[in-house]
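I opened this one to get a feel for how the chain packs, and I jotted things down as I went. Here are my notes.

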Amino acid sequence: MTSSGKPPRAGTARRELVENEMYEHATRLFAERGFAGTSLQDIADALGITRPALYYYVKSKDELLAKLVTEVTDGPLGELTALVAQPGLDAVDKLRGIVSIIVVRRATQPARFRLLIRSEAELPAELGAAYDESRRAVLKTVAGVIEEGVRAGRFRPVDSRVAALGVLGMCNWVAWWFHPDGRDGVESVAAQLSDMALGALQRGDDRTLDGSPAAALAVLRQDIDHLERILDL
């Protein structure tokens, strides 16, 4: 203990190192054996420490799983919330940032995300409810940005929830196919998927409007005229 009453930095750094290693081993073991088939003793053995020593870092298997779930779900949500609250960003900027945040998360921690998806049915009730709430919050955030873009005339008049699910599905799938030693790096993949998301939603440059109700109505009339022409064929 230092004179200020705070633990030494070396001790804190070591704890973080051991905890991260513990998360990695737990992720691997849960994926290989399932949550029910993995014990704290298995995790302690993988770490090379005794089970009593493991209790210094985590008190139960449920607590360990809760920490992993929280890291995978609440981490991106916090970043997304901060992003959309930034002043001066329009819907296009926000959506590009959203895709980048999620893709980088999935590409750098793929095993943890895959574990969460596979373990949904095994999550304790309270933890499962928290996970569902976090997922809904992420979906609501993304859908809100898309709806903002639709109202501003930057995006096509789409169902914002369906579009948000499509964007999230594209981003989340990165956890299964991205390889850090592959041809493209994380930033390159994030940039390309951002372009793809925007390409699917943005209007042509000649139809980008100022966001006023009159402008939105003018675009709507154009869409109706186009639909009527199709139906007359």
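**Entry 1: a residue to start from**

I clicked on I101 and looked up how covered it is. Its relative accessibility is 15%, so I101 counts as buried. Note to self before going further: this is a predicted model.

I101 lies in helix 5. I then asked which residues I101 is in contact with, leaving aside neighbours within four places in sequence. I got P76, E79, L80 and L83. I also checked the spacing to one of those partners: I101 and L83 sit 18 residues apart in sequence, and their C-alpha atoms are 9.4 Å apart in space.

**Entry 2: helix 4 against helix 5**

Those partners sent me to helix 4, which covers residues 61–84. I looked up how it lies on helix 5: the two axes cross at roughly 160° and come within 10 Å. Angles over 145 degrees count as roughly antiparallel, so helix 4 is roughly antiparallel to helix 5. I noted the crossing of this pair as right-handed.

For the contact itself, I listed both sides. Helix 4 puts in E71, V72, G75, P76, E79, L80, L83 and V84. Helix 5 answers with K94, G97, I98, I101, I102, R105 and R106. Sorted by class, I have eight nonpolar, two polar and five charged residues in this contact.

**Entry 3: helix 5 against helix 7**

Next I stayed on helix 5 (residues 91–108) and turned to helix 7 (residues 125–151). Their axes are 9 Å apart, and the packing angle is about 150°. By that angle, helix 5 and helix 7 are therefore roughly antiparallel to each other. I looked up the hand of the crossing too: helix 5 passes helix 7 in a left-handed one.

On the helix 5 side I wrote down A91, K94, L95 and I98 as the contact residues. On the helix 7 side I have V142, V145, I146, E148 and G149. The class count for this contact is six nonpolar, one polar and two charged residues.

**Entry 4: helix 5 against helix 8**

One more partner for helix 5: helix 8, residues 160–172. This pair packs at an angle of about 35°, and the axes are 8 Å apart. I put the crossing of helix 5 and helix 8 down as right-handed.

The helix 5 residues in this contact are L95, V99, I102, V103 and R106. From helix 8, I noted V167, L168, C171 and N172. They divide into seven nonpolar, one polar and one charged.

**Entry 5: S194**

I wanted to know whether a serine further along is buried or exposed, so I picked S194. It is at 2% relative accessibility and counts as buried. S194 has its place in helix 10, residues 186–201. Not counting residues up to four places away in sequence, S194 touches R96, V99 and S100. V99 was already in my notes, from the contact of helix 5 with helix 8.

**Entry 6: Y131**

Back to helix 7, where Y131 has its place. Y131 counts as buried, with a relative accessibility of 3%. Leaving aside its neighbours within four places in sequence, I found Y131 in contact with V69, T73, L116, I117, E120 and L123. I also looked up a pair from distant parts of the sequence: Y131 and A66 are 65 residues apart along the chain, and their C-alpha atoms are separated by 9.5 Å.

**Entry 7: R51**

R51 was my pick for a residue with some surface showing. At 32% relative accessibility, R51 counts as partly exposed. R51 sits in helix 3, residues 51–54. Its contacts, not counting residues up to four places away in sequence, are L40, Q41 and A44. R51 and L40 are 11 residues apart in sequence and 6.9 Å apart, C-alpha to C-alpha.

**Entry 8: the whole chain**

Last, I pulled back to the totals. How many helices and strands are there in the protein chain? I have 11 helices and zero strands.

Of the chain's 233 residues, 36% count as buried. Among contacts between residues at least 6 apart in sequence, 67% join residues at least 24 apart. The accessible surface of the chain comes to about 13300 Å², and 56% of that belongs to carbon and sulfur atoms.

Technical notes: Residues are numbered from 1 along each chain as its sequence is written. This is a predicted model: local features need pLDDT of at least 70, side-chain atom pairs count only at pLDDT 80 or more; totals for chains, interfaces and linings use all residues. Side-chain values use heavy atoms; hydrogens and water are left out. Axes are lines fitted to C-alpha atoms, for helices over the stretch in contact, and angles run from 0 to 180 degrees between N-to-C directions. Helices (H or I, at least four residues) and strands (E, at least two) are DSSP runs, numbered from the N terminus. Angles under 35 degrees count as roughly parallel, over 145 as roughly antiparallel, 65 to 115 as roughly perpendicular and the rest as oblique. A crossing is left-handed if the near helix is turned anticlockwise from the far one by less than a right angle, and right-handed if clockwise. Contact means heavy atoms within 4.5 Å. Ala, Val, Leu, Ile, Met, Phe, Trp, Tyr, Cys and Pro count as nonpolar, Asp, Glu, Lys and Arg as charged, and the others, Gly among them, as polar. Buried means under 20% relative accessible area, exposed over 50%, partly exposed in between (1.4 Å probe, protein chains only). Accessible areas come from the Shrake-Rupley method with a 1.4 Å probe; for residues, only the protein chains shown count as cover.
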